[in-house]
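Reader: Got a minute to go through this one with me? Let's take it piece by piece.

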Amino acid sequence: MTKNVPELFGSMVFNDEVMKERLPKDIYKALQKTIADGLHLQLDVANVVAAAMKDWAIEKGATHFTHWFQPMTGVTAEKHDSFISPEPGGKVIMEFSGKELVKGEPDASSFPSGGLRATFEARGYTAWDPTSYAFIKDDTLCIPTAFCSYSGEALDKKTPLLRSMQALDKQAVRVLRLFGNTDVKRVITTVGPEQEYFLIDQSVYDKRPDLIYTGRTLFGAKPPKGQELEDHYFGTIKPRVSEYMKELDEELWKLGILAKTKHNEVAPAQHELAPVFSTTNIATDHNQLTMEMMKTVAGRHGMACLLHEKPFAGVNGSGKHNNWSISTDTGANLLEPGATPSQNAQFLLFLTAVIKAVDDYQELLRLSVASAGNDHRLGANEAPPAIMSVFLGDELSDVVDSIEKGVDYHDKEKTLMSIGATVLPHIPKDTTDRNRTSPFAFTGNKFEFRSLGSTASISGPNVILNTIVAESLSEFADELEKAEDFDSALDKLLRRELVAHKRIIFNGNGYSEEWVEEAERRGLSNLKSTVDALPVFIQDKTIELFTKNKVYTESEICSRYEILLENYYKTINIEAMTLISMAKKDIMGAALEYQYTLAEVFNAKQATGVAVTAKTEEKMLAKAASLTEALAERLDKLEADVDKVDESADALEIAKYYREVIFSDMSSLREVIDDLEVVIPSDIWPYPTYGEMLYSI
Ligand code: ADP
Ligand code: MG
């Protein structure tokens, strides 16, 4: 059956085309203007839009609507209301008002707020973000909304993202004006997030409480075959996975999500999906929907989709590459080297702004990808290290070098070009050698931020990226606006900033031990874990950055810091509780049963009176007994240490305790469990093994 993809695409989205078709002209125009200018929607306009939306949604089979939002839990939230409204005579009609479209009032008291919202004012409100289209999912009209407290503090991940985009817009437009550009009205950032995931059969998933409760396996011995043959990456996609991917594409296309590329990844059972890039806030909404759809569709195919950063030890974990660029409303990519020297001067200024931002705020960028799950990846030779650096590639590095030294740049054809602000070099497009080991790589016309974990919303890293680059641009604009001679001021600025931030540029192997040492010599920061990184959030420098650029207020920063810390230790606590319960009941049970079997064989042999040895059984029993002993001891220690948590302590102290004590207790308990798994026969071992899970499809 051939499918009409263009017809399918966006069929569940109340997009521009539908609005144009269904809204009266004046209403359509008013809505467009509100969107373009970022204004509030007038109620009379909202009423008409709501009515049209409802009619459209009902035609598509919807019965409910919801304000779809992204609280700080990291997942999306929705509370469904039906369109029904009672009529005399026991009938109902389907209604949806402008007020219901524009604003909702979910009870906010059960969402994390980090102390922002005292319980006596538990109500928060959701407000439509008209820059993100409404869509239908599961017979429900979903209205993308921002979520705030009544005093206007952001309680979600969308509000700061929109604010950070505004900050960057403002500063980038200032810079463009300096280059004589008067056409551009808005500058936006664009993102294409590549999403990695694992698929396993539902039957094995259901038998692993650790996967169910924590998203990752808490133990499991290495399977005989891992990823060493490198035969899975880009390998032929198995029919069952292929069927899944097809349906996933279709579901995403219906929602207007530009699912583009799909392939097998490095680890067995690991795959990737990449969309065509879009505006950052849309890309963020779409990535949340993509993750949700990945799970939903997997369920329909008898599979479970794992989005955790490290579902299985010993094989690669999952990340999310955040391809990021800056674009104008006139369609120009500001990180694209241009054809003319003046375009290149502008490009170099934006490039320098990014380099400066990454260097100045390397710790904040590191923090933006910190989570309990991602701690398993960063610095673990499969993902970039926790050290931030920028990869530019040879060509661009040469250009930067020559600017810095104030000497002429020779390009590959050995053409001599004089470096002054007016005659900047012609920069050839994308000859960059892809460096897979860099956390932040320039890839021709965009940067690829590669440190993100697979589960997290991309909002956080992009809030920080947008804001730090906005800050660089604002400093540049301040300086250049005052200059009498723009060209020489630009020349001076570029040289000075590139010299000052050169240390962040690194084109070598980011996975090597030498880089860790070299980075230390360069004075780059290396925050190894989430607890090391989180305090950066409340440093004066961070607070100043965010308040100056109007992205977070100080109290929003403090609340987010609390939430991140709590989230971190609660995650490890759930893991510890899960591991305890699995080890105590079924693993201990299996260890006892195994010893009993061995003892029985041993006794039976002895009882025969025949002169046979029972040395093997003796050895096996001794080993099983000592492992069981170790299991009991380490389990006791973990349990006791969990009990010792001082809940009245400061959140950072609790988080540190979980990292230093609980996490390492869990690792040492895991070691014994993995050793036991290797010796205990499969019919006694209570859980699916790594081999059974990784090769379940
Ligand atoms: P690859 O990195 O696999 O070679 P591409 O470079 O084509 O593939 O793209 C990777 C991702 O980067 C895709 O999601 C793509 O849409 C995105 N991307 C491409 N251009 C931009 C841009 N200007 N801004 C943001 N993302 C982009
Ligand atoms: Mg990739």
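Author: A term up front: a crossing is left-handed if the near helix is turned anticlockwise from the far one by less than a right angle, and right-handed if clockwise. Also, this is a predicted model.

Reader: Good. Then what is the handedness of the crossing of H14 and H15?

Author: H14 and H15 cross in the right-handed sense.

Reader: At what angle do they pack, and how far apart are the axes?

Author: The angle is about 145 degrees, and the axes are 9 Å apart. H14 covers residues 459-482 and H15 covers residues 486-501.

Reader: Which residues meet there?

Author: From H14, Phe476, Glu479 and Leu480. On the H15 side they meet Phe486, Ala489, Leu490 and Leu493. By class, that contact has 6 nonpolar residues, no polar ones and 1 charged.

Reader: Switching to Ala172. Where is its place?

Author: Ala172 belongs to helix H6, residues 158-178.

Reader: Buried or exposed, and why?

Author: Ala172 is buried, because it has 26 C-beta neighbours inside 10 Å. The cut-off for buried is 20 or more.

Reader: What is Ala172 in contact with, leaving aside neighbours within four places in sequence?

Author: Val187, Ile326, Leu334 and Leu473. As for Ser327, it is 155 residues from Ala172 in sequence, yet 9.7 Å away in space, C-alpha to C-alpha.

Reader: Okay, domains. How is the chain divided?

Author: Into domain 1 (5-155), domain 2 (164-552) and domain 3 (567-694). The C-alpha centres of domain 2 and domain 3 are 40 Å apart.

Reader: How many residues does each of those two put into the contact?

Author: Domain 2 gives 23 residues and domain 3 gives 26 residues. On the domain 2 side, helix H8 (209-214) and helix H17 (530-533) each supply at least two residues. The largest share there, 4 residues, is from H8.

Reader: What classes are on that side of domain 2?

Author: The side of domain 2 touching domain 3 has 15 nonpolar, 4 polar and 4 charged residues.

Reader: Last one, strand E2. Which strands does E2 pair with, and in what sense?

Author: E2 pairs with E3 (residues 81-82) in the antiparallel sense, over 2 bridges. With E9 (residues 140-149), E2 pairs in the parallel sense, over 5 bridges.

Reader: Which residues are the partners of Phe65 and Thr66?

Author: Phe65 has Asp81 in E3 as its bridge partner. Thr66 stands opposite Cys142 in E9.

Reader: And how many residues of E2 are buried?

Author: 4 of 5, so E2 (residues 64-68) is mostly covered, with 20 or more C-beta neighbours within 10 Å as the cut-off for buried.

Definitions and conventions:
Residues numbered from 1 in each chain as written. Chains lettered and ligands numbered in written order. Predicted model: local features only at pLDDT ≥ 70, side-chain atom pairs only at ≥ 80, totals over all residues. Buried ≥ 20, exposed ≤ 12 C-beta atoms within 10 Å, placed from the backbone. Pairing = 2+ DSSP bridges. Domains from an automatic or database assignment. Contact = placed C-beta atoms within 7 Å. Nonpolar A, V, L, I, M, F, W, Y, C, P; charged D, E, K, R; others polar. Axes fitted to C-alpha atoms, helices over the stretch in contact; angles between N-to-C directions.
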